[in-house]
Amino acid sequence: MVTVTASDSLGNGAAPAAIAVTVKPLAPTDFNGDGYSDLLWQNSSGQPAIWLMNGTSPIAKASVGGNPGPKWHFKATGDFNADGDADILLQKSSGGADIWEMQGTIVIGGGSLGNPGPDWHAVATGDFNGDGHADILWQNDSGEVVIWQMNGTNVIGSSSLGNPGPSWHAVGTGDFNADGHADILWQNDDGEVDIWKMNGTTIVASGSVGNPGRGGMSRATASYGPLPVPICYGRATSLRPFCFRTTMALRRSGRPTALP
């Protein structure tokens with residue numbers, strides 16, 4: 001709710017009026033700011049491409065930037081520079097991470113985030129501190145989880161959330177309790193699914209979602225705000241689609257206990 005007061009040049013004003021304003025958040029894979037999720041693809045050669053979507057219809061298809069090579073993998077999307085267009089997070093097999101800042105299908109900037117090492121894997125992006133900039137969720141092979149709070153391509157904070165153990169896998173983020181802060185979706189090797197509700201880098205609650213069972217890959221849809229985010233994970237001929245990792249194919253596993 002916004003309160004507006006009108007006045008003329010002499011200072012004669014009307015009574016304040018309250019106006020309800022609805023702000024529609026952008027889908028995290030919305031590259032052109034039209035409110036529709038788009039698709040990010042990567043060829044086995046390394047070349048990325050974006051399909052701008054309207055529902056189930058591609059309205060434009062374009063290769064993106066140069067080809068970083070097959071050792072670079074497109075890990076997630078998120079609005080790192082808060083311009084309303086999704087940006088791209090990449091990670092190299094050796095551990096190095098980069099951000100491509102996007103405007104539609106054009107790379108307009110970005111930079112290197114350094115190399116946390118090959119044991120660290122960028123899992124997802126999400127706005128954990130509610131500042132409008134996408135942050136990065138990392139998990140080590142040991143199980144330890146870390147959040148990098150971001151402002152564009154600058155890491156402004158780094159916090160460990162502890163280690164639930166290597167059988168637990170952070171598989172995505174989403175604002176499950178609609179408080180404006182990204183939360184974390186987990187799955188254990190035995191199939192159990194859990195959510196950590198977050199306030200910045202603090203775990204405020206955790207709970208089990210249940211166990212869909214073992215065998216194959218489970219799939220789920222999370223949401224970022226009120227907008228549903230589709231899962232895009234798999235292969236179509238030689239192209240591999242990625243959507244924002246708030247929603248990903250789930251791996252089998254058990255339930256993490258919130259760590260102090």
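I looked up the accessible surface first: for this predicted model, the protein comes to about 11,600 Å² (Shrake-Rupley method, 1.4 Å probe), of which 52% belongs to carbon and sulfur atoms. I noted that local features need pLDDT of at least 70 and side-chain atom pairs count only at pLDDT 80 or more, while totals for chains, interfaces and linings use all residues. Residues are numbered from 1 along each chain as its sequence is written, and side-chain values use heavy atoms, with hydrogens and water left out.

I then checked burial, and found that 45% of the 260 residues are buried (under 20% relative accessible area, with a 1.4 Å probe and protein chains only).

For secondary structure I recorded zero helices (DSSP runs of H or I, at least four residues) and 22 strands (DSSP runs of E, at least two residues).

I followed one open sheet of four strands, which runs in the order β14-β15-β16-β17 with antiparallel pairing (a pair needs at least two DSSP bridges). Its edge strands are β14 (168–174) and β17 (202–210), each pairing on one side only. Within this sheet, β16 (residues 193–199) and β17 are joined antiparallel over seven bridges, and I195 has G207 of β17 as its bridge partner.

Last, I looked at the largest nonpolar core (buried Ala, Val, Leu, Ile, Met, Phe, Trp, Tyr and Cys residues joined through side-chain atoms within 4.5 Å), which has 15 residues, and W196 and M198 are among those with the most contacts inside it. The elements giving two or more residues to this core include β14, β15 (183–188) and β16. Another core, of 14 residues, lies apart from it and includes L113, W120, W138 and M150.

Methods:
Buried means under 20% relative accessible area, exposed over 50%, partly exposed in between (1.4 Å probe, protein chains only).
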